[in-house]
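Visitor: I would like a close look at a single part of this model. Please start from one residue and work outward from there.

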Amino acid sequence: MVTRYWLGVACAEHVRRGRSGGFMQVNHGKLAPLRRLSPGDGIVYYSPSQLLGAKDGFQSFTAIGFVAASAPHVGEGGMFRRDVDWLAAAEHPIRPLLDWLDFTQTANWGYSLRFGLIEIPAVDFDFLRHVLTQPALLSA
């Protein structure tokens, strides 16, 4: 089986709730996008805002981990979730990383984020895992 890498988009408040609960949701709890993921796939979250609908300019990566071996399941409020083995990671603003990520090198790359879940290159996931799990390296 081929490992794939994904970028989910959700407000930081929702991502933090998922991190503490060991799960992820996308597109307000829809099932179809979660079916695209397989156990062992990498998932990183980008949060444009702290709170849903806020225009606060947060624009940060907020979580990174690997999809667990369980299937999608129904969670709170009838929304579908997928279990994730989250890595210990710090949140990090996207702006200083834009020139380093392959998926941000195309024109209007941000437009694709409106889908809530996009596939990203392995090299981007590996770079983000390094940055988010060892943030002191960037500040040195």
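Which residues does S47 touch, not counting residues up to four places away in sequence?

Guide: A word on the source before the contacts. This is a predicted model.

S47 touches A10, C11, A12, V15, F58, Q59, S60 and T62, with residues up to four places away in sequence not counted. S47 itself sits in strand 3. Its relative accessible area is 0%, so S47 is buried. Strand 3 covers residues 42–47.

Two of those partners lead on to a pocket. A10 and C11 are among the residues that lie nearest the centre of the largest pocket. V9, H14 and H28 belong to that group as well. The full lining has 30 residues. The space in this pocket is about 650 Å³. By class, the lining holds 15 nonpolar, ten polar and five charged residues. Helix 1, strand 2 (23–24) and strand 6 each give at least two residues to the lining. Helix 1 has the largest share, with four residues.

Helix 1 deserves a stop. It spans residues 12–21. Within it, R17 and E13 are four residues apart, about one turn of the helix. Their side chains meet in a salt bridge, at 4.0 Å from N to O. R17 has 41% relative accessibility, so it counts as partly exposed. E13 is also partly exposed, because its relative accessibility is 34%.

R16 forms a salt bridge with E91, and here the closest N and O atoms are 2.8 Å apart. E91 lies in the loop between strand 6 (80–86) and strand 7 (92–93), while R16 is in helix 1, so the pair ties together parts that are 75 residues apart in sequence. R16 has a relative accessibility of 33%, so it is partly exposed. E91 is partly exposed too, because its relative accessible area is 31%.

E91 gives the link to the next stop. F61 touches E91, along with L7, V44, Y45, Y46, A90, H92, I94, L97, L101, L128 and L132, leaving out residues up to four places away in sequence. F61 lies in strand 4, residues 60–67. Its relative accessibility is 0%, so F61 counts as buried. One of its partners is far along the chain. F61 and L132 are 71 residues apart in sequence, and their C-alpha atoms are 8.1 Å apart in space.

Now the core around F61. The largest nonpolar core has 20 residues, and L7, V44, F61 and I120 touch the most other members. Strand 1 (5–9), strand 3, strand 4, strand 8 (117–120) and helix 3 each supply at least two residues of this core. Helix 3 gives the largest share, four residues. Apart from this core lies another, of 14 residues, with M24, Y45, V67 and V84 among them.

Helix 3 carries a salt bridge of its own. D126 pairs with R129, and the closest N and O atoms are 3.1 Å apart. D126 and R129 are three residues apart in helix 3 (residues 122–133), so about one helical turn separates them. D126 has a relative accessible area of 36%, so it is partly exposed. R129 is likewise partly exposed, because its relative accessible area is 30%. Across the whole structure, a search finds four salt bridges.

One more residue brings us back to the strands. W86 is found in strand 6. Its relative accessibility is 18%, so W86 counts as buried. The cut-off matters here, because buried means under 20% relative accessible area. W86 touches G18, R19, G22, F23, M24, I43, Y45, A63, I64 and G65, again with residues up to four places away in sequence left out. M24 and Y45, both on that list, are among the members of the 14-residue core. W86 and V44 are 42 residues apart along the chain, and their C-alpha atoms are separated by 9.4 Å.

To return to the start: S47 is buried in this model, because its relative accessible area is 0%. Its partners include A10 and C11, which are among the residues nearest the centre of the largest pocket.

Note on methods. Residues numbered from 1 in each chain as written. Predicted model: local features only at pLDDT ≥ 70, side-chain atom pairs only at ≥ 80, totals over all residues. Heavy atoms only, no water. Buried < 20%, exposed > 50% of the residue type's maximum accessible area, 1.4 Å probe, protein only. Core = buried A, V, L, I, M, F, W, Y, C linked by side-chain atoms within 4.5 Å. Contact = heavy atoms within 4.5 Å. 1 Å grid on protein atoms, 1.4 Å probe; cavity = no way out; pocket = protein on both sides within 12 Å on 5 of 7 lines; lining within 4 Å. Points joined across faces, edges and corners; volume = space filled by probe spheres on them. Nonpolar A, V, L, I, M, F, W, Y, C, P; charged D, E, K, R; others polar.
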